[in-house]
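This report describes the fold of a single protein chain and then examines selected parts of it. Please consult the sequence and the model shown here while reading.

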Amino acid sequence: MTYQATHSRLPFVYEALPTRVIFGSGTRSAVSDEAIRLNMSRVLILHGPPHIGMADQLASQLSERHVGTFGGARMHTPVDVTEVALALAVRLRVDGIVAIGGGSTTGLAKALALRTDLPQIVLPTTYAGSEMTPILGETEDGIKTTQRSLKVLPETVIYDVDLTMDLPSGISGVSGMNAVAHSVEALYAREANPVISALALQSIRALVKALPAIHADPGNRSARSDALYGAWLAGICLGSVGMALHHKLCHTLGGTFDLPHAETHAIVLPHALAYNAPAIPDVMAKLRDALGIADVPSALHEVNRAIGAPRGLSEIGMPEDGIEQALEQAMANPYWNPRALERDSLHRLIVRTYHGDAPIVGN
Ligand code: NAD
């Protein structure tokens, strides 16, 4: 009988990204030791509105190594905010950054690192995964541009499940689905490789189980831990391989109609997977095996229901007359996707996501 390879699809390239990760509960107490490891003696702390108290605690831990705090991080990393923080960093002769918050705060840390090459310690409080990627998206004059540079990859990431316990249940669910989207698209990425696929499947399994449990009981520490673990792995996937239809569509929709990031990902994901499904039978089989579910796009749609995600893009601010515009933009910038971009099918996909209908495989 001929031996068929089941784990490795040849050839492939795997490149590890050099971030030190500390994972656990109470791990934020490692911040001072990490600052010393990275030779930081003049630290700037970055945070957003919910983390004023936590930023103060980190400042106490860092003691005389802490020289300043900037609390103005904003969604989509506006360049004008970065410039204010940069001026402060220069004035204070900062030699290291500690960032606590979601993807918005991490984005600001990365934007500063791009301009200064300062080392970063990041303490994530959502499941967005930006801390594991060498990718930076910035917004200027309403236009979002994305670039890759190892300069922006944090040196140390401290995952402390305690920091996620107060993440409101509504944000937890959609932020977690944002992470699931990274892992799903990694499975059929052009650069897919068996190492990243293994991480992706484990991440999806962890998140799909944990997110409804968190919605039912936001204080469920075990589910919080699994979700954070899944989000870490999802971040590795996002940073390691290219993304496709789902991420491009969310980028277009979010940018054009100023839609909230995580909610847009949660709504679009079941539909993007359903669209691609006919072109990726091996990936769909792996997903079915990993989750023990026959119809994975419908199951993801059900997870959205279980976590109380908005049903459709109409609920989060997309205008109905934006459907045609979204379609034109999705077709205008061709990009790699396992299934060719077919105008009529994509149109049906966008209409369904707008109304919050169930996904249909093959569209
Ligand atoms: P976010 O950081 O804006 O956080 C969402 C909301 O939750 C904010 O209001 C924030 O203040 C609040 N929040 C965060 N943690 C909290 C906590 N523990 N308790 C209470 N409230 C809390 O959003 P996000 O979804 O984490 O990240 C989205 C941003 O990250 C977008 O700008 C996106 O483009 C970017 N992103 C970048 C990458 C990348 O690789 N470059 C990857 C994913 C996301």
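The sections below treat the chain as a whole, then one helix, then two individual residues.

## Overall architecture

The structure is a predicted model. Its chain contains 13 helices and 8 strands. Along the principal axes, the C-alpha trace spans about 60 × 55 × 40 Å. The radius of gyration is 20 Å, which agrees with the value near 21 Å for a compact globule of 363 residues.

Of the 363 residues, 55% count as buried. Among contacts with a separation of 6 or more, 76% are accounted for by residues 24 or more positions apart.

## Surface and charge

The chain exposes about 15,000 Å², and carbon and sulfur atoms supply 53% of this area. There are 28 positive and 35 negative charges, and the mean positions of the two sets are 4 Å apart.

## Helix α10

Helix α10 comprises residues 281-291, and V283, M284, L287, A290 and L291 are buried in it. These residues lie on the same side of α10, because they cover an arc of only 125 degrees around the axis. On the other side of the helix, P281 and D289 are exposed.

The buried residues of α10 pack against four helices: α5 (169-187), α6 (194-216), α9 (261-276) and α11 (296-306). After α10 comes G292, which has a positive phi, near 65 degrees.

## T105 in helix α4

T105 belongs to helix α4, which covers residues 103-116. Its relative accessibility is 4%; T105 therefore counts as buried, the cut-off being under 20% relative accessible area. When residues up to four places away in sequence are not counted, T105 touches L46, H47, G48, A73, A99 and I100.

## I121 in strand β5

I121 is found in strand β5, residues 120-124. With a relative accessible area of 0%, I121 is buried. Its C-alpha atom is separated by 8.0 Å from that of G96, and the two residues are 25 residues apart along the chain.

Which residues does I121 contact, leaving aside its neighbours within four places in sequence? The contacts include V31, E34, A35, L38 and M40. I97, V98 and A99 are also in contact with I121, as are T156 and I158. A99 thus appears in the contact lists of both T105 and I121.

How values were computed: Residues are numbered from 1 along each chain as its sequence is written. This is a predicted model: local features need pLDDT of at least 70, side-chain atom pairs count only at pLDDT 80 or more; totals for chains, interfaces and linings use all residues. Side-chain values use heavy atoms; hydrogens and water are left out. Buried means under 20% relative accessible area, exposed over 50%, partly exposed in between (1.4 Å probe, protein chains only). Helices (H or I, at least four residues) and strands (E, at least two) are DSSP runs, numbered from the N terminus. The arc is that of the directions from the helix axis to the C-beta atoms. Contact means heavy atoms within 4.5 Å. The radius of gyration is taken over C-alpha atoms; the globule rule is 2.2 Å times the number of residues to the power 0.38. Accessible areas come from the Shrake-Rupley method with a 1.4 Å probe; for residues, only the protein chains shown count as cover. Lys and Arg count as positive and Asp and Glu as negative; His and the chain ends are not counted. The place of a charge is taken as NZ of Lys, CZ of Arg, CG of Asp or CD of Glu.
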